[in-house]
Structure formats: C-alpha cells, structure tokens
Amino acid sequence: MSPLGLLFLTLFNSILGLSILFPILGPLGRELGLSEVQVGLFSTGYALMQFLLSPLWGRLSERGRKPILLLGILGFGISFLLFGLVALLGQKGFFSPGLLFLLLLLTRLLGGAFSSATLPTAQAYVADVTGRENRTAGMALLGAAFGLAVILGPALGAGLAAFFGLLAPVFFSAGIALLNALFVAVVLPESQPQGSIPPDRLSPWEGHIFPLLLLGFTLNLSSVALEQTIAFYFQDRLGLSGVETARSVGLALVLYGLVAVFIQGFLVRRFSWPPRTLLLTGVPLGVLGFLLLVAAHTFPLLALGLALQGAGVALAGPGVTAALSLAVGEGEQGLVAGLNSSAQALGRMLGPILGTGLYRLAPEAPYLLGAGLLLMVLLLLPLLFRRVRL
C-alpha cells in the first residue's frame, strides 16, 4: 500500500476513536451527575488545546513526521484511558462531584494537547509525498478519512453503549488509539528526514497566509454552529418527539456525511480540481444550503439543505488546505499545517457558543449567519485570488 493509503488508515482510526464518543458524552455526563455546561466544557477545553498547540506540533514535525504522529496518537489513547478510569471511579463514588469534573476535564485537556499533533502532521505528510499537481487530491483524501470515520464512529459508539454500558466506547477508543500507534510505528514510513533544523516561525499574519486561515476559520465556525443546533432545528421545524428527532437527524447526518465522503474521496481525487475551482464551487453551494435550511419546513428539504451545505464544505475545505500548502515552501509544510489546524480549532471552539446563543434569539439565526459569512467570503474571493496565486 502507498504511504498515502497508509496515512488514510491512520487518520481514519484516529477520528473513529474520537467520534465513537459523540453519542455517549451527554448521557455519561448526566449519569455522573455533571451539568450540561460541564459536559460542554469537555469539548471546549479539547478544542482550546488544539488551538493553542497545533502550531507548535506542526513546527516540531519538521524534524520528522512519524515521531510526532506517533506521540500524538499515543497521548490521545492514554488520555482516553485515563478518562475512562476516572469516570469508572466516579460511578463508584470515589470522588466528589467537583473533583470528578476537574479530573475529567484534565484528561480532556491532555487529550486535546496530544491530538492536536495528529492533523497538522498528517497534512504535512501529504505535502511530503505528493507533488504540487496532486496536492489537492491528497488533502481531499484526508477529508474523506475524517468524514467516513465521523459516519461510522457514532453508530459504533451507540452500539457499544447499548450492549456493554456507557463506558465501553471510552475504553474501546483508547484501545483503537494504542493499536493505531502500533500500526504507525511498524508500518507507516517516514516522509521527512529526522533531525533537520526547523525553519523560522511562519507568521499567521502574512499576506498570503492570513486570508486563507480566515477562510478556514469561517468555514469551521459556520459548520459547527450548524452541527450544534441542527437537532433542535429539526425538532422545532417539524414538531417531532425526542425519538423521532434522533431518527430524522441521524438519517440526515448520514446523508450529509456520505455526500462529503463521495466528494472528497472520489470527485476531487478523480478530477484533480485546483483550489480555485473548489472554492468557487464549494462556497456558493454552502450559501445555498444554509438558505434552503432557513426556508425549508419539510424533512426532504431540510435534508437537502444539510446535504448542500455538506457538499460545499467538502469542496471548500480541501481547497483551503491545499491552497495553504501550495502557498509556502516545502520546508514550511508543518508550520502552515499547524496554523491551519489552529484556525479550524478556533472555529470549533467558538461555533457551539455562537450557534446556540443565536438559536435562542431565533431558530434561523445560525443559518442566516452561515449564509452571510459564506456570501461575504464569496465576494472577497477575487481579492484573495489576486493576493494568493492558486
């Protein structure tokens, strides 16, 4: 198997281990006596560490990709093992509620700190093993691995929890991570000579870097605001019960994920579209998806709006990542990948707060915001293309 194929399996396993927890963190938190806000802080703290540390890991990966990738996966696995052990002791009453929350939060911060090494290093690895003409297709393959894992992970987590209890997915995730680390250590080849001197720091404010980072941040902010509110929106728009909402949203999100995987795993790789084409196609599709969500009052139209928004992100996301990679030299791939991951993490950190806050004002507000942000991006793309040659 090619190094790119091996990297696909590596990233798929990493994201699968994370997404398995999506359906169980809420009920597990309630079982442990934690509030919704405390459970939300687990995700916010995780994203905060990724925002802070991704640039550092990206720079360190210039000394050698494989050690940093291995360290990130191992640290991720150990953090999940600790989370499971602390939660297990909490179920048995060994900790007071305050101490239990603090210990669980620390394990999530540890997980975010180490997992922040994985994505930027993987993106830099792709840049190492692909030529400039194949860079976009390589970055799309990472997106396909991410999307496929997010589709399968929650279903696997829900199944494990149903048969073996809420902590089973946590320990299963830790096991996947440790096996993934063994896979990387034994099978994945190094793509970067170890021991080389990292280049000077790359400023995120440089004219050919900052607009692309801002674009990546905007895409993530609008998408995460949607993801955090879409279940409420389906329930309120369609007048569904809790069980009906879970079924309808689950079906729509599977469609959302399948569209993204098909686009990134097949279309982008098959046709090798350049970043300019991906952005000029993806951003308008995202705007159309958000506007359809605002106007829709039936399940088919809501699902179609969600799928269109997913298609837009599936096109524009690899466009941004590939554009950033092509905007810098070969010795700066880890640095720019770290900055990109940091910008995306900031979007994931602020998206839930902004999305739920706007939803309280008006259910359509998060989607109007998403449409407005992407429309502004679309209007500014000609200026971006003049500053960044794509």
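**Helices and their surroundings in a predicted model**

Trainee: Which helices do the buried residues of helix 8 pack against?

Mentor: The model we are reading is a predicted one, and a good place to begin is helix 8, whose buried residues include Pro 169, Ser 173, Ala 177 and Val 184. These buried residues pack against three partners, namely helix 1 (3–19), helix 4 (65–91) and helix 7 (135–164).

Trainee: Asn 180 is in helix 8; is Asn 180 buried or exposed?

Mentor: To answer this, we compare its relative accessibility with the cut-off, since a residue counts as buried when the value is under 20%. The relative accessibility of Asn 180 is 2%, so Asn 180 counts as buried.

Trainee: Which residues is Asn 180 in contact with, leaving aside its neighbours within four places in sequence?

Mentor: Asn 180 is listed among the buried residues of helix 8, and those residues pack against helices that include helix 1 (3–19) and helix 4 (65–91). Once the neighbours within four places are left aside, the residues in contact with Asn 180 are Leu 9, Thr 10, Asn 13, Ser 14 and Ile 73.

Trainee: Which residues does Gly 17 touch, not counting residues up to four places away in sequence?

Mentor: Gly 17 is found in helix 1, and its relative accessibility is 0%, so Gly 17 counts as buried. Not counting residues up to four places away in sequence, Gly 17 touches Phe 76, Phe 80 and Ser 173.

Trainee: How many Å separate the C-alpha atoms of Gly 5 and Tyr 125?

Mentor: Gly 5 is also found in helix 1, and at 16% relative accessibility, under the 20% cut-off, Gly 5 counts as buried. Along the sequence, Gly 5 and Tyr 125 are 120 residues apart, while in space their C-alpha atoms lie apart by 12 Å.

Trainee: What is the distance between the end C-alpha atoms of helix 12?

Mentor: Helix 12 (residues 299–326) has 28 residues, and 22 of these are buried, so that the helix is mostly covered. At 1.5 Å a residue, helix 12 should span 40 Å, and this agrees with the distance found between its end C-alpha atoms, which is 41 Å.

Trainee: Is Leu 368 buried, partly exposed or exposed?

Mentor: Leu 368 is found in helix 14 (residues 365–387), and its C-alpha atom lies 9.1 Å from that of Leu 293, although the two are 75 residues apart in sequence. Values between 20% and 50% lie between the buried and exposed classes. The relative accessible area of Leu 368 is 46%, and therefore Leu 368 is partly exposed.

Trainee: What is the radius of gyration of the protein chain?

Mentor: The protein chain has 14 helices and zero strands, and 53% of its 390 residues count as buried. Its C-alpha atoms fill a box of roughly 55 × 50 × 35 Å, taken along the principal axes. A compact globule of 390 residues would have a radius of gyration near 21 Å, and this agrees with the value for the protein chain, 20 Å.

Trainee: What share of the exposed area of the protein chain do carbon and sulfur atoms supply?

Mentor: We begin with the whole area that the protein chain exposes, which is about 16,300 Å². Of this area, the share supplied by carbon and sulfur atoms is 71%.

Conventions. Residues numbered from 1 in each chain as written. Predicted model: local features only at pLDDT ≥ 70, side-chain atom pairs only at ≥ 80, totals over all residues. Heavy atoms only, no water. Helix = DSSP H or I, 4+ residues; strand = E, 2+ residues; numbered from the N terminus. Buried < 20%, exposed > 50% of the residue type's maximum accessible area, 1.4 Å probe, protein only. Contact = heavy atoms within 4.5 Å. Rg over C-alpha atoms; globule rule 2.2 N^0.38 Å. Areas by Shrake-Rupley, 256 points an atom, 1.4 Å probe, with all protein chains shown as cover. Expected span 1.5 Å × (residues − 1).
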